[in-house]
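Opening my notebook on this one. I want to see what sits around the DNA, and then how the helices pack.

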There are 2 protein chains.
Amino acid sequence: MQALTISRLAREAGVNVETIRFYQRRGLLTEPPKPLGGIRRYDQTDVARVQFIKAAQRIGFTLDEIAQLLELDDGLHCSQARAIAEHKLEVVRERLVDLQRIETALAQLVGRCEASRGKVKCPLIDALQPSIANSPG
Amino acid sequence: MQALTISRLAREAGVNVETIRFYQRRGLLTEPPKPLGGIRRYDQTDVARVQFIKAAQRIGFTLDEIAQLLELDDGLHCSQARAIAEHKLEVVRERLVDLQRIETALAQLVGRCEASRGKVKCPLIDALQPSIANSPG
DNA sequence: ATAAAGTCCGTACCCCACTACGGAGTCAAG
DNA sequence: CTTGACTCCGTAGTGGGGTACGGACTTTAT
């Protein structure tokens with residue numbers, strides 16, 4: 001348990017101090033107890049937690065959703081946790097599908113771009129259509 | 001080319017009218033020419049475009065990024081398009097990895113939760129750590 | 001001809017996730 | 001025991017992505 005100041009915590013997690021404090025207000029991070037007129041100290045688990053928050057955000061979770069995920073991690077009542085987790089899992093899998101479609105479309109675009117210079121009508125927009133039966137134009 | 005009003009366009013794309021107008025202001029949609037004191041008309045390609053925007057947003061692209069993607073689709077200079085596409089592809093693949101890690105972690109959590117009721121210290125946070133060599137605690 | 005519904009366009013407002021600021025307190029070095 | 005960097009805490013401001021509103025105009029139905 002190394003003791004980090006808030007600014008070191010922030011630096012190690014790649015955010016700024018204000019963001020740490022903001023997360024504390026939001027309940028995403030608990031403030032460690034303050035030694036009577038002293039300075040709060042943090043450790044590596046806090047760094048991990050902040051990095052988790054940022055990673056979860058990058059893939060599209062809101063702070064409220066992340067709060068839920070973190071509660072799971074904190075070991076809630078198991079049945080509740082499971083229900084939340086299953087719901088998230090569905091959402092995650094849907095996103096995964098979208099993302100894979102985009103990946104395919106982008107990879108194809110790059111490929112075609114290589115093959116045929118000039119006007120490329122790319123498959124990007126098609127890739128994200130919600131399964132409309134597409135008849136050949 | 002069916003002729004849709006703005007409100008039908010909005011309904012078919014699953015957004016509201018104000019959002020369409022907002023996208024026009026942002027340059028994500030072009031306003032069709034207005035027949036001299038008349039009403040603008042839209043078609044299915046506009047519906048597709050709006051649906052694309054929403055799908056891309058769900059997986060974490062900003063409107064600015066989406067504007068770039070749409071320019072690709074509109075058939076820009078091929079070399080530029082390719083560069084942008086390749087960059088996006090990298091970003092998408094990183095997100096995909098994060099998302100897959102979360103998926104695994106959530107699935108494991110659900111599984112364990114079934115197996116052992118009680119305090120579950122779940123692998124969620126670990127799943128999103130940026131590859132720190134984790135020694136067994 | 002007129003009422004109801006819809007369009008057009010500008011401006012104002014809202015929520016989320018920060019980010020900045022400012023004054024008082026704390027700590028570490030000289 | 002002062003100086004300078006940092007912490008603490010409250011409150012205010014910012015940028016992204018919309019949403020709401022309101023007055024003038026157009027279209028559709030009767």
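**DNA surfaces and helix packing**

Note to self before anything else: this is a predicted model.

I began with DNA strand D and sorted its surroundings by class. The surface near strand D holds seven nonpolar, eight polar and five charged residues. I count 20 residues around strand D in the listing, and the closest are Thr5(A), Ser7(A), Arg40(A), Gly37(B) and Gly38(B). I then looked up which elements give two or more residues to that surface: helix H1 (6-13) and helix H2 (17-26) from chain A, plus helix H2 (17-26) and helix H4 (63-73) from chain B. Which element gives the most to the surface near DNA strand D? It turned out to be H2(B), with three residues.

Next I went over to DNA strand C. Here 19 residues lie around the strand, and Gly37(A), Gly38(A), Thr5(B), Ser7(B) and Arg40(B) come nearest. For this surface, the elements giving two or more residues are H2 and helix H4 (63-73) in chain A, along with helix H1 (6-13) and H2 in chain B. I checked the top contributor again, and H2(A) has the largest share, three residues. By class I noted six nonpolar, eight polar and five charged residues near strand C.

**Thr5(A), a closer look**

Thr5(A) was on my list of the closest residues to strand D, so I pulled it up separately. Its place is in the segment before H1 of chain A. Buried or partly exposed, I wondered, for Thr5(A)? I found 13 C-beta neighbours inside 10 Å, so Thr5(A) counts as partly exposed. I also looked up a distance to Leu63(A), which is 58 residues away from Thr5(A) along the chain: the two C-alpha atoms are separated by 24 Å.

**H1 against H2 in chain B**

I turned to packing, chain B to start with. H1(B) packs against H2(B) at an angle of about 100°, and their axes are 8 Å apart. That angle makes the two helices, H1(B) and H2(B), roughly perpendicular. Then I listed who meets whom: Ile6(B), Ser7(B), Leu9(B) and Ala10(B) on the H1(B) side, Val17(B), Thr19(B) and Ile20(B) on the H2(B) side. The contact comes out as five nonpolar and two polar residues, with no charged ones. Ser7(B) gets a second mark in my margin, as it is also among the residues nearest strand C.

**H1 against H3 in chain A**

In chain A I looked up H1(A) with helix H3 (residues 44-58). The angle between them is about 45° and the axes lie 9 Å apart. How do I class that pair, H1(A) and H3(A)? They are oblique to each other, and H1(A) passes H3(A) in a right-handed crossing. From H1(A), Leu9(A), Glu12(A) and Ala13(A) take part, and they meet Asp46(A), Val47(A), Val50(A) and Gln51(A) of H3(A). I sorted this contact too and got four nonpolar, one polar and two charged residues.

**Chain A overall**

Last, some totals for chain A. I find six helices and zero strands, so to speak a plain α-α-α-α-α-α run from the N terminus on. Of the 137 residues in chain A, 27% are buried. For contacts with a separation of 6 or more in chain A, I noted that 49% come from residues 24 or more positions apart.

Terms used:
Residues numbered from 1 in each chain as written. Chains lettered and ligands numbered in written order. Predicted model: local features only at pLDDT ≥ 70, side-chain atom pairs only at ≥ 80, totals over all residues. Near = placed C-beta within 6 Å. Helix = DSSP H or I, 4+ residues; strand = E, 2+ residues; numbered from the N terminus. Nonpolar A, V, L, I, M, F, W, Y, C, P; charged D, E, K, R; others polar. Axes fitted to C-alpha atoms, helices over the stretch in contact; angles between N-to-C directions. Parallel < 35°, antiparallel > 145°, perpendicular 65-115°, else oblique. Contact = placed C-beta atoms within 7 Å. Buried ≥ 20, exposed ≤ 12 C-beta atoms within 10 Å, placed from the backbone. Left-handed = near helix turned anticlockwise from the far one by under 90°.
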